[in-house]
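Work through the exercises below with the model open. Each task is followed by a worked solution.

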Amino acid sequence: MDHTRQETSGGDPVRGTALGAAPVPLSVLDLVTVGEGRTASDALRTSVSLAKLAEARGFHRHWVAEHHSMPGVASSSPAVILAHLAAHTSTVRLGSGGVMLPNHAPLVIAEQFGTLEALAPGRIDLGLGRAPGTDGGTAAALRRTARAGEGAEDFPQQLAELTRFLDDDFPDGHPYARIHAVPGPVQGPAGRPPLWLLGSSGFSARLAGALGLPFAFAHHFSARNTVPALELYRQSFRPSAVLDAPYALIGVAALASQDEAEARREVLTGALAMLRLRTGRPGLMPTPEQAESHRFTALEREFVDDWLANIVHGTPDAVRDGLDALQKRTGADELMITANVHGEGARLRSYELIADAYGLPEGPLPPRP
């Protein structure tokens, strides 16, 4: 078994390498969960521990997601968190899963991620979403529609503007031709983070395919749309300077425990948190005891059962088999695992057990070439 971590194709910034017995590269999606009895500082310390674990055990990348006005997460500022994680790691890829482009001026994102690329050259991914990542009132407070006509429906235009800023190549005569995102190309030769499009439906799948960009699908909360969206991405794909063939990862919720009942107990905390969010009562991630004692109505139980059916959970062998089956069914090129449960220890231990189940390397890995 070859445990040497390598980038494919001479340092390919998109495609990873499957290690151990994993069918595809494995990665981490971190929601920086804040549980009852915990603080945002606790959650951010756990995020650092998780990034270090991901690096040591051969997970390809570690992404954080942008959310706002949600007490149960501490990831409202992905760029700030990624800078912190970059200071505590040296080889694992770090990125946004994602930055919600309609919330921000494209120049600001180009500057933030140009800075991250300067801090951690060759390790930064810029994943972009077209939803606000919050409710309408919070979106208004973010002033994402301050410029007339600008919103999620203008995502392709915003994406084009962001790309121009990252490449510093507005044409002569353009109003932004003299504006430079710094750090960036105007300061000399430098890499820039690869762009990913994120989605939970067909819009971003089709756009990513048309532009020849890698695509990340949110299977963990939109499982019914996964296969149709990936098929649409592949059908729409046109080769580009970035990719000569489609490359799609899917986010998948998974939790492994040596005890099957304990795994079920932990994932119920995330299901209750999602139920509260969907019914307009967001809060801190409940404890297992709170989840177990909650008196679910028949309608709530139906929601929770449907939610749990899309979480791969159980013993390490069962989780490995479930992930293998999901990868085979979807044809995903990479699996990005999220474990949105209350206990920090349960989350970290789950990634360790999944790494063990696939025979991923133990201890520090050599630097990537």
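**Exercise 1.** Against which elements do the buried residues of α6 pack?

*Solution.* The model is predicted, with local features needing pLDDT of at least 70 and side-chain atom pairs counting only at pLDDT 80 or more, while totals for chains, interfaces and linings use all residues. Residues are numbered from 1 along each chain as its sequence is written, and side-chain values use heavy atoms, without hydrogens or water.

Step 1. Locate the helix: α6 spans residues 202-211. Helices are DSSP runs of H or I with at least four residues, strands are E runs with at least two, and both are numbered from the N terminus.

Step 2. List its buried residues: S204, A205, L207, A208 and G209. Buried means under 20% relative accessible area, with a 1.4 Å probe and protein chains only.

Step 3. Find their partners, where contact means heavy atoms within 4.5 Å. They pack against two helices by label, α5 (155-167) and α7 (226-236), and against β5 (195-199) and β6 (215-217).

Step 4. Check what comes after the helix: G212 follows α6 and has a positive phi, near 70°.

**Exercise 2.** Why does the radius of gyration of the chain agree with a compact globule?

*Solution.* Step 1. Apply the globule rule, 2.2 Å times the number of residues to the power 0.38, with the radius taken over C-alpha atoms.

Step 2. For 369 residues a compact globule would have a value near 21 Å, and the chain has 20 Å, which agrees.

Step 3. Add the burial: 53% of the 369 residues count as buried.

Step 4. Add the contacts: among those with a separation of 6 or more, 74% join residues 24 or more positions apart.

Conventions:
Buried means under 20% relative accessible area, exposed over 50%, partly exposed in between (1.4 Å probe, protein chains only).
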